[in-house]
Amino acid sequence: MHSEIFATLAALRQQQPVVHNITNQVVTNTTANALLAIGASPVMAHAPEEMIDMVSIANALVINTGTPSQGQRQAMKAAIHAAKEQGKPWILDPVGAGATPYRLELNSELLELQPNAIRGNASEILTLLTGSPTGRGVDSACEDTFNETLDYLQEQAGKLKTVLAVTGATDYITDGNRLATLTNGHPMMAKVTGTGCTATAITGAFLASCDDPWLAVVASIACLGIAGEKAAFSAKGPGSLQMHLLDELYLLDEETIKTRLSLSSQ
Ligand SMILES: Nc1ncnc2c1ncn2[C@@H]1O[C@H](COP(=O)(O)OP(=O)(O)OP(=O)(O)O)[C@@H](O)[C@H]1O
Ligand SMILES: Cc1ncsc1CCO
Ligand SMILES: [Mg+2]
């Protein structure tokens with residue numbers, strides 16, 4: 001599958017999609033730089049007054065609930081409605097969905113607006129799907145047992161007509177019919193805040209450049225995992241990992257994807 005993944009990345013680099021992000025205060029800079037490194041054109045905007053105009057110049061919308069204010073909540077809904085009207089894909093990152101009742105309520109509201117894809121860690125995705133909080137803040141607390149719930153994940157993706165991506169040591173991506181399991185990446189990636197938010201942001205770019213949303217999400221998560229494990233070779237710790245990750249996203253080529261891809265799909 002490496003050639004389909006590279007073709008998807010090549011299409012993204014050719015198109016340089018504009019990706020509109022309504023995201024959290026922690027990762028705004030990191031995710032903008034990751035989008036530039038992979039070949040997209042980021043714009044970060046959350047004033048409710050400019051949402052319709054901003055969506056109209058964008059090719060995809062990324063919604064991340066990491067630091068959700070009341071104003072952002074309003075902006076998110078306005079932007080999502082505009083994206084749906086204009087037939088543009090949008091992706092949800094339900095950051096810390098189970099951390100507080102406010103976050104769970106907001107994320108449940110956003111789920112009802114039918115995202116084209118949803119990416120989170122195991123706790124966030126299970127919280128969102130079941131409505132019962134799990135996890136610790138923005139970090140996952142149920143990854144070890146996640147593979148027991150894969151049938152449920154597939155069933156929910158089919159029911160919600162979306163692509164669900166659960167990331168962690170192993171990444172699972174399903175649209176209800178197809179399931180990809182990826183084991184690229186490196187444990188140090190979890191020691192840099194916002195690597196998951198980066199996964200979601202670049203997935204917005206892949207969704208803009210690929211007609212098959214499942215393939216777009218698989219390609220995105222595979223590219224990040226491969227770039228992350230390569231970055232970890234040259235990194236001394238989380239600080240330099242963050243810097244090397246941007247370089248590896250920028251340098252990613254077909255040969256690297258071919259030799260490093262660790263994916264099974266069914
Ligand atoms: N133990 C691990 N081994 C390999 N790769 C990992 C590991 N933990 C995370 N990753 C990779 O790191 C990236 C982010 O995934 P993660 O599940 O940590 O996101 P997250 O919890 O939403 O992060 P954040 O909230 O900080 O943005 C994914 O590409 C994932 O594959
Ligand atoms: C640490 C943190 N807190 C809110 S959002 C965020 C970034 C990782 O999700
Ligand atoms: Mg996250």
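**Exercise 1. Determine how helices α2 and α10 are arranged relative to each other in this predicted model.**

Solution. Begin with the axes: those of helix α2 (residues 28-38) and helix α10 (residues 238-251) come within 7 Å and cross at roughly 25 degrees. Next, apply the cut-off: angles under 35 degrees count as roughly parallel. The helices α2 and α10 are therefore roughly parallel to each other.

**Exercise 2. Identify which residues of α2 meet α10, and classify the residues of this contact.**

Solution. On the α2 side stand N33, A34, A37 and I38, which meet L246, L249 and Y250 of α10. Sorted by class, the contact of α2 with α10 comprises six nonpolar residues, one polar residue and no charged residue.

**Exercise 3. Describe the sheet, and place α2 with respect to it.**

Solution. First, establish the topology: nine strands form an open sheet with mixed pairing, in the order β2-β1-β3-β4-β5-β6-β7-β8-β9. Its edge strands are β2 (41-44) and β9 (263-265), each of which pairs on one side only. Direction ignored, neighbouring strands of this sheet are turned by 15 degrees against each other on average.

Then consider one pair in detail. Strand β1 (residues 18-22) pairs with β2 in the parallel sense, over four bridges. Within this pairing, N21 stands opposite M44 in β2. Helix α2 packs on the sheet and touches β1 and β2, with a direction that makes about 160 degrees with that of β2.

**Exercise 4. Characterise the shells around ligand 1 and ligand 2.**

Solution. Take ligand 1 first. There are 25 residues around ligand 1, of which N121, A169, G185, M189 and G196 come nearest. The elements giving two or more residues to this shell are β5 (117-121), α8 (195-209) and α9 (213-234). By class, the shell around ligand 1 holds 10 nonpolar, 13 polar and two charged residues.

Turn now to ligand 2. Its surroundings consist of N24, V26, V27, G66, T67, V95, V138, T193, G194, G196 and C197. These divide into five nonpolar and six polar residues, with no charged residue. Comparing the lists, G196 is named among the nearest residues of ligand 1 and is also found around ligand 2.

**Exercise 5. Assess the overall dimensions of the protein against those of a compact globule.**

Solution. The secondary structure comes to 11 helices and nine strands. Along the principal axes, the C-alpha atoms fill a box of roughly 45 × 40 × 35 Å. For 266 residues, a compact globule would have a radius of gyration near 18 Å; the protein has 17 Å, which agrees.

Conventions: Residues are numbered from 1 along each chain as its sequence is written. Chains are lettered from A and ligands numbered from 1 in the order in which they are written. This is a predicted model: local features need pLDDT of at least 70, side-chain atom pairs count only at pLDDT 80 or more; totals for chains, interfaces and linings use all residues. A residue is near a molecule or strand if its C-beta atom, placed from the backbone, lies within 6 Å of it. Ala, Val, Leu, Ile, Met, Phe, Trp, Tyr, Cys and Pro count as nonpolar, Asp, Glu, Lys and Arg as charged, and the others, Gly among them, as polar. Axes are lines fitted to C-alpha atoms, for helices over the stretch in contact, and angles run from 0 to 180 degrees between N-to-C directions. Angles under 35 degrees count as roughly parallel, over 145 as roughly antiparallel, 65 to 115 as roughly perpendicular and the rest as oblique. Two residues are in contact if their C-beta atoms, placed from the backbone, lie within 7 Å. Two strands pair if DSSP finds at least two bridges between them. The radius of gyration is taken over C-alpha atoms; the globule rule is 2.2 Å times the number of residues to the power 0.38.
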